[in-house]
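Here is a protein to look around in. Take a moment with the sequence and the 3D view, and then we'll walk through it together.

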Amino acid sequence: MPEDHEQIVVRRKKLQALRERGVDPYPNDFRPDHTTAEVHARLSALGEAELARTGTLSIAGRVMALRDFGRAGFLQVQDRAGRLQVHARRDRLGDEGFETYRLLDLGDVIGVAGQPFRTRTGELTLEATELRLLAKALRPLPEKWHGLQDVETRYRQRYLDLIVNPDARRIFEVRARAVRYLRDFLVARGYLEVETPMMQAIAGGAAARPFVTHHNALDLDLYLRIAPELYLKRLVVGGYERVFELSRVFRNEGVSTRHNPEFTMLEFYQAHATYEDLMALTQEMLVGLAEQVTGGTTLHYGGETIDLVPPWPRRTMAELVSEHAALPAERVHDRELLARCAASRGIAMPPEPTAGHLLAAVFEAVVEPLLVQPIFVTQFPVELSPLARRNDRDPRFVDRFELFVARHEIANAFSELNDPEDQRARFEEQLRARAAGWAEAHAMDADYVRALEYGMPPTAGEGIGLDRLVMLLTGATSIREVILFPHLRPEGAP
C-alpha cells in the first residue's frame, strides 16, 4: 500500500491530532495485570454480583474490531492469549480518555483498565475506566471478512499474518511445544544437549551443496553447515555417549513445498546402540509427541488420515522397489535392469551411476509417492551412505533407515561407521565421484578420520527434520507455513 493511500493519510492525521493534544502515541509505562485468557478463566463462571465485586482489571492488546455508537462503543482487544470485549463510554473514561478512543483505528495497540461485567447477550466485557494508546498503527489491517489470504504476502509479512490469522499462530505454538517435548524426551533418557559450529572448514555430514562465506581475519573460506553430524560424533569419541543438538542447517538447494535453504534439524547419537534401537526409540518419541501436541495418534494431512498407532512396518528398499516397480526380487540389484527401469520412467541420474544409485533413484521416483502411512525403509546402498556401517550379511548395503510418513522423509538414521580405514576409503570413493561430476559427494575430512583412529564406540545416530515434522502435526502442506520467515525471492522480482 503506497504512503499516499487514503487510509494511511487519515491515520497520520490522527497521529498528528494526538500529538497536538499532548498524547504520546508510543508510551511505555502501561503494565497490564492480566491476559485476556486469564480474565476469561478467572471470571467466566462468576455471576453478576460476583463480577461486581471483582474490582478493576487491566489488559493490553491490539484493536481487532471497533463498533462506535457516538457516545459509546465496543472494541475487541487481542493479546497473545486471545480476545476480550471492551466497552468505552464518555462518562466512565472522561473527555480526555474518550477523545483518545475516538481517534483509534483497527490495529492500534491499547491498554485498558476497567470493571468486568456481562452484556445483555452474556458476553464478558471490560467497562473501561482508563484507555491508553500504546502504539498507533499507521497501516490498516487486511479487510475484516477476508483476512490475509495472499500466500506471498503472508510469508513476506509474517508479522501481519500472525496478527490476523489465528491458524498461523497455532502452527508456531505447536512448533514450540514440539521442540520442548523433543528436548525433554531426550534429556530424560540421558542425552546431553550440545552446540557445534555453524561455520565449518569442511562441509560434511550430508550429501548437499553448501553456502560459502569468507572469514576475513583468517583469510579462510568457510561453509555454513549442511549437518552437525561429524562434530557430534567427535563428541561421542570424546566420551559423551548420548548427545543431541537442535540446530539450524543450511543447504544451497532449490525451494519447494518441502525444501527451504535454511531449516531446523534434530540430530542425536547414542553409543552402544544400533539403527534398530533407534527405530524403537523414534517410534516411541513420535507417537508420544503426537499425543502431547494433538491429543491422539490420528493425523489429517493432505486429505488423508495418518494412523500412528505402532508398530510401524519395516521394509527394505530393495523389497519395495521390487514390489512397486514390478522387478523380479532376484534381479532387483541388477544394474542393467535398473538402468532400463529408470530410463523408461525418465528418471534423472548422476554421472556413471552404480546399481546402488539406480536402485535409490527408482525408489525415490516410484515408491516414495506411495508411502502414506508410517514406514521404516531400511538397507540403503553403501554408495549413498558414506558415514554408515556396512550390513554384516550384505556389504552392498548399510544398516540405515529412513522414516516416511505422508510421502515425506521425516527421519534418517544409521548404525555409524566407526572403522577409520573403511571411513577413509569411503571418503576417497566420494572424492572420485566428485571428480566425475557429482557435486554433492562428500569431501574428505581427515580430522574426522583421525578422531575415529582414537576409537569411537559402536554408535547409532539419527536426524529428524523438525519443519517437516511440524508440517505433519499441523496439517500444513508447505514448509513455508511452519517457518516463521521462509526464504523468498526479492520483493518485486519476476
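Before we start, one bit of vocabulary: helices (H or I, at least four residues) and strands (E, at least two) are DSSP runs, numbered from the N terminus. Also keep in mind that this is a predicted model.

**The big picture**

With that naming scheme, the protein has 15 helices and 18 strands. Its C-alpha trace spans about 85 × 50 × 50 Å along the principal axes. Of the 494 residues, 50% are buried. The accessible surface adds up to about 23800 Å², and carbon and sulfur atoms own 51% of that. Now look at the contacts with a separation of 6 or more: 66% of them are between residues 24 or more positions apart.

**A pocket and a cavity**

Let's visit the second largest pocket, which has a volume of about 430 Å³. Its lining counts 24 residues, and Tyr 275, Gln 379, Asn 391, Arg 393 and Asp 399 are the ones nearest the centre. Four elements give two or more residues to this lining: the helices α9 (275-294) and α10 (317-324), plus the strands β15 (375-381) and β16 (397-405). Which element gives the most to the lining of the second largest pocket? That would be α9, with 3 residues. By type, the lining is made of 6 nonpolar, 9 polar and 9 charged residues.

There is also 1 cavity of 30 Å³ or more in the structure. The largest cavity holds about 60 Å³ of space. How do the residues of its lining divide into nonpolar, polar and charged? The split is 8 nonpolar, no polar and no charged. Lining it are Leu 286, Leu 299, Leu 308, Trp 312, Val 405, Leu 469, Leu 472 and Leu 473. Helix α15 (residues 466-474) supplies the largest share, 3 residues.

**Two nonpolar cores**

The largest nonpolar core has 50 residues, and Phe 268, Met 285, Leu 289 and Leu 473 are the members that touch the most others. Helix α9 shows up again here, providing the largest share of this core with 10 residues. Another core lies apart from it, with 43 residues that include Val 243, Val 367, Phe 414 and Val 449.

To see what being in the thick of the first core looks like, pick Met 285. Leaving out residues up to four places away in sequence, Met 285 touches Tyr 181, Leu 182, Phe 185, Leu 186, Phe 268 and Ile 464.

**Two helix residues up close**

Leu 358 sits in helix α12 (residues 355-367). Is Leu 358 buried or exposed? Buried means under 20% relative accessible area, so Leu 358, at 2% relative accessibility, counts as buried. Setting aside residues up to four places away in sequence, Leu 358 touches Arg 335, Leu 338, Ala 339, Ala 342, Met 349 and Pro 353. Take Leu 338 from that list: the C-alpha atoms of Leu 358 and Leu 338 are 5.9 Å apart, although 20 residues separate them along the chain.

Now try Arg 424, in helix α13 (residues 420-435). Arg 424 has a relative accessible area of 32%, so it is partly exposed. Its contacts, again leaving out residues up to four places away in sequence, are Met 444, Val 449 and Glu 453. Val 449 is one of the residues of the 43-residue core. For a sense of distance, Arg 424 and Val 63 are 63 Å apart, C-alpha to C-alpha, and 361 residues apart in sequence.

**Backbone oddities**

Most residues other than glycine have a negative phi, and most peptide bonds are trans. A few spots here go the other way. Two of them have a positive phi without being glycine:

| Residue | Phi | Loop | Relative accessible area |
|---|---|---|---|
| Asp 219 | near 50 degrees | between β8 (212-215) and β9 (220-224) | 60%, exposed |
| Ala 326 | near 55 degrees | between α10 and α11 (335-344) | 67%, exposed |

Where does the cis peptide bond come in? It joins Pro 310 and Pro 311, with omega at about 0 degrees. Pro 311 belongs to the loop between β13 (304-307) and β14 (314-316).

Conventions. Residues numbered from 1 in each chain as written. Predicted model: local features only at pLDDT ≥ 70, side-chain atom pairs only at ≥ 80, totals over all residues. Heavy atoms only, no water. 1 Å grid on protein atoms, 1.4 Å probe; cavity = no way out; pocket = protein on both sides within 12 Å on 5 of 7 lines; lining within 4 Å. Points joined across faces, edges and corners; volume = space filled by probe spheres on them. Nonpolar A, V, L, I, M, F, W, Y, C, P; charged D, E, K, R; others polar. Core = buried A, V, L, I, M, F, W, Y, C linked by side-chain atoms within 4.5 Å. Buried < 20%, exposed > 50% of the residue type's maximum accessible area, 1.4 Å probe, protein only. Contact = heavy atoms within 4.5 Å. Areas by Shrake-Rupley, 256 points an atom, 1.4 Å probe, with all protein chains shown as cover.
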